[in-house]
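Here are two short exercises to work through with the model open beside you. Try each task before you read its solution.

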Amino acid sequence: MAETYGAYALRLRCSRPIPGLLIVPETSGADVEVRLEEGQSWPEASLEGSRQLRYASANRDEHGEPFLSVWTLSDGALFRLSYRDGIEFVVDRDGTRVWGTWPHTLTVEDASTYLLGPVMGLVLRLRGITCLHASAIDVGGQAIAVIGPPGSGKSTTAAIFATSGYRVLSDDVVALADHGSAFLAQPAYPRVGLWSDSVETLFGSPDALPQQTPTWTKCYLDLTRNGFKFQPSPLPLRAVYVLSERDANAFAPAVYTLPLREGLTHLIENTYLSYLLDRTMSVRDLDVLSRLVLSMPVRRLTPQADSAFLSGLRDVILDDFQAVISTT
């Protein structure tokens, strides 16, 4: 049965239930139509016109095949995302329709892990929305974003705040609503993805949280259960923290002010799906991020290498953010 869900300030009309999303009331229409079927056929337009490889990931399997390949189809009217495990998606150029399929050995949960991250990230980018590769947290009714490369600890930082009673807006993809000199961080969906080492550090056992799918070892923190909290409405973004490498130095964790140019460089490097942007999208991003870095502080955040200092990371961010708020 079709359901309508809310995610990233969009209404998604889905052909089948999607794990992790929140149902929203029915209205006259949806922003995005999502059709997910095991082994389904593609839209007829995907078989017509030219086909061009736009991206092949550097990560390869044992046979040298890329983990992800992205093609444009039908003279650029469609994007096709093909994952090495056999899961595939087609997205139309306007970001209004998504088709997804997977092999019989996998499940809708497996497909959903891609749908809610890279696929929705592409939908947002095609709709002209700048997105950060980040996690966003509600601190006193205002949002902070934590950015950084894969594995730097964005999700772990969000989970640290969640375990301290703070609301989380988004994990991995933070969509920005552009209001000129102000920006709203949009809520995504009420889950934080965590690898088993982070689960063990935060919750005492690598098996303390459920797996995202039966075939993945990555787990998720459900923000709708056990006292954890999801922030369901947009909040003004007031500061960005750039995670750097963990440091065993006695001064870590610590926050450092970044010059404007360096802050802008980090923002550009941590936009979501930057490898799929065309020139128009890149110019739009540069305009948005140039104004963002002028409207709020962008700080370097250096975590302590010793996981025993995780709560200190939260406290350092809170102390710095309080100073930000008190001076504006």
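**Exercise 1.** Find how many disulfides (pairs of cysteine sulfur atoms within 2.5 Å) the whole structure holds, and explain the count for Cys-14 and Cys-131.

*Solution.*
- Step 1: Searching the whole structure gives 0 disulfides. The structure is a predicted model, where local features need pLDDT of at least 70, side-chain atom pairs count only at pLDDT 80 or more, and totals for chains, interfaces and linings use all residues. Residues are numbered from 1 along each chain as its sequence is written, and side-chain values use heavy atoms, with hydrogens and water left out.
- Step 2: Take Cys-14: its closest cysteine sulfur sits in Cys-131, and because the separation is 18 Å, that is too far for a bond.
- Step 3: Now start from Cys-131, whose closest cysteine sulfur is that of Cys-14, again 18 Å away and too far for a bond.
- Step 4: Check the surroundings, where buried means under 20% relative accessible area, exposed over 50%, and partly exposed in between (1.4 Å probe, protein chains only). Cys-14 is buried at 2%, and Cys-131 is buried at 0%.

**Exercise 2.** Place Asp-75 and Leu-273 in the chain, then decide for each: buried or exposed?

*Solution.*
- Step 1: Helices (H or I, at least four residues) and strands (E, at least two) are DSSP runs, numbered from the N terminus. Asp-75 lies in the loop between β6 (68-73) and β7 (78-83), while Leu-273 lies in the loop linking α4 (260-269) and α5 (279-295).
- Step 2: Look at the backbone. Most residues other than glycine have a negative phi. Asp-75 has a positive phi, near 60 degrees, and Leu-273 also has a positive phi, near 60 degrees.
- Step 3: Compare accessibility: Asp-75 is exposed at 62%, whereas Leu-273 is buried at 7%.

Conventions: A disulfide is a pair of cysteine sulfur atoms within 2.5 Å.
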